[in-house]
Amino acid sequence: MWFEFLIYILLAIGVFFNILGGVGLLRFPDVYTRLHAGTKCTTFGSIFITGSVILLGLKMWYLGSTDGSVLAIHTAGALVAILLTNPTGAHAIARAAHKSGVKPVGAVVDSLQDKSVKKTVKKKEEEK
Amino acid sequence: MMEFFNEYMIVLIALMICIVMAIIRVVKGPTAPDRIVGLDTINTVVIVGMVVFGAAFNEIIYIDVAIVYALLSFISTLFIAKYLEGGDF
Amino acid sequence: MIAFVITTIICFIIYLLLTTGSGTLGLWSIEEILLGLILSLITGFVTRNIFVKKDLRMLNPVRWIIFVWYVIGPFFVGMAKANFDVAYRVITGKINPGIVKISPDLKTDLGITLLANSITLTPGTLSVDIDEEKNDLYIHWINVKEDVLKGDSVDCKYICGNFDKWIRRIAE
């Protein structure tokens with residue numbers, strides 16, 4: 001009984017963080033802050049939801065069904081895939097956004113901008 | 001498995017609300033990177049949705065589909081980002 | 001040769017994990033084991049130079065134990081903090097963003113990849129770009145503390161806590 005209760009609690013936490021990610025996507029003002037919401041919250045929520053499915057699979061395995069082992073191990077594989085690919089994709093999008101010229105809204109400091117300005121100045125001097 | 005049916009259906013509906021919010025961002029998004037952020041979020045939520053669907057209906061094959069979808073959507077995100085960045089492929 | 005053996009063994013383990021529950025020999029059937037062995041031999045021969053570089057220090061199991069402990073311990077705590085931080089900023093809308101530069105002084109590619117992914121998933125920070133010559137990282141910081149902005153780069157402890165020490169223990 002307490003085991004099913006644990007599964008429900010994990011599902012509730014995961015759904016809460018996923019919804020929070022969606023709200024953050026709508027409320028934040030520019031690409032980088034939206035990436036904060038869209039990456040962190042959905043990854044964290046996914047950990048809890050897949051964790052609850054893994055617990056369900058382990059319970060089925062314990063009760064004697066080999067389908068349970070498949071459920072648990074394959075879900076763990078999907079979780080590893082999410083954990084590896086999500087931050088890397090966010091990094092790629094942030095880099096592409098900065099290179100295509102989107103400025104962070106209300107930025108206090110932008111070291112990367114200074115660096116790219118320096119690089120273009122150097123390139124122009126070399127061309128001369 | 002039927003006793004889990006209702007609870008997992010509620011989870012799926014909540015994930016659908018999340019997808020709808022991301023779709024609003026994809027439609028509204030002022031710049032192209034905004035739209036990709038929305039797409040990336042949709043991909044993650046769809047993967048989790050497939051896992052939950054597989055658990056709800058006790059169909060193992062959906063989870064294999066989720067793993068393959070995760071890897072392929074990652075590659076598509078990388079390619080769109082590379083295209084926006086400009087330069088040579 | 002050793003690269004071929006390592007790649008084959010890892011492929012075989014992954015194949016076995018993905019085909020549990022198929023038969024009576026333990027959890028597997030004899031056909032699945034034979035087919036997996038043949039496929040992983042072919043894959044190991046083709047990709048032997050891609051997966052394993054000259055550096056063999058990740059063969060040490062102590063590094064893997066530290067890595068697992070890092071993921072379920074400090075990394076998970078940092079991720080939970082990050083999510084409550086984002087929740088607070090979603091609800092109140094207070095942000096003070098900026099892009100800063102840090103010099104974590106890591107040398108291997110694996111180390112810098114682990115650090116960049118850890119930074120992306122932990123409180124208020126997102127890795128934007130990397131300087132490939134000096135291994136400097138450019139970080140989008142959602143709540144810049146203006147009193148630490150002295151000089152060219154920001155001290156690592158304000159951005160990533162003590163993650164760089166853990167990663168130096170894992171990957172270097």
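Which residue in strand 3 of chain C stands opposite C:I99? The tour returns to this pair after an overview of the chain; please note at the outset that the model is predicted.

**Chain C as a whole.** Begin by selecting chain C and displaying it as a cartoon. Seven helices and three strands should appear. Followed from the N terminus, the order of these elements is α-α-α-α-β-α-β-β-α-α. Switch to the C-alpha trace and align the view with the principal axes: the trace spans about 65 × 40 × 25 Å. The radius of gyration of chain C is 21 Å, whereas a compact globule of 172 residues would have one near 16 Å. Colouring by burial will mark 30% of the 172 residues in chain C as buried. Among the contacts in chain C with a separation of 6 or more, 68% join residues 24 or more positions apart.

**Strand 1 of chain C.** Next, select residues 98–102 of chain C, which form strand 1; five of its five residues are buried. Show the side chains and examine the two faces. C:G98, C:V100 and C:I102 point one way, while C:I99 and C:K101 point the other way, and all are buried.

**The partner strand.** Add residues 136–141 of chain C, which constitute strand 3. Strand 1 and strand 3 of chain C pair in the antiparallel sense over five bridges. Centre the view on C:I99, and the opening question is settled: the residue opposite is C:H140 in strand 3 of chain C.

**C:I139 and its surroundings.** Now select C:I139. Leaving aside residues up to four places away in sequence, C:I139 touches C:I99, C:V100 and C:I102, together with C:I119, C:T125, C:L126, C:S127, C:V128 and C:I159.

**The largest nonpolar core.** Extend the selection to all three chains named here. The largest nonpolar core has 84 residues, and C:I139 is among those with the most contacts inside it, along with C:L115, A:A78, A:I93, B:V51 and B:V52. The element that gives the most to this core is helix 3 of chain A (residues 66–99), with 13 residues. In soluble globular proteins, nonpolar side chains tend to be buried together.

**Between chains A and B.** Finally, hide chain C and select the contact region of the other two chains. Here 40 residues of chain A are in contact with 39 residues of chain B. On the side of chain A that touches chain B, helix 1 (2–27), helix 2 (31–62) and helix 3 of chain A each supply at least two residues. Helix 3 of chain A provides the largest share, 18 residues. Colour this side by residue class to see 22 nonpolar, 14 polar and four charged residues.

Definitions and conventions:
Residues numbered from 1 in each chain as written. Chains lettered and ligands numbered in written order. Predicted model: local features only at pLDDT ≥ 70, side-chain atom pairs only at ≥ 80, totals over all residues. Helix = DSSP H or I, 4+ residues; strand = E, 2+ residues; numbered from the N terminus. Rg over C-alpha atoms; globule rule 2.2 N^0.38 Å. Buried ≥ 20, exposed ≤ 12 C-beta atoms within 10 Å, placed from the backbone. Contact = placed C-beta atoms within 7 Å. Core = buried A, V, L, I, M, F, W, Y, C linked by C-beta atoms within 7 Å. Nonpolar A, V, L, I, M, F, W, Y, C, P; charged D, E, K, R; others polar. Pairing = 2+ DSSP bridges.
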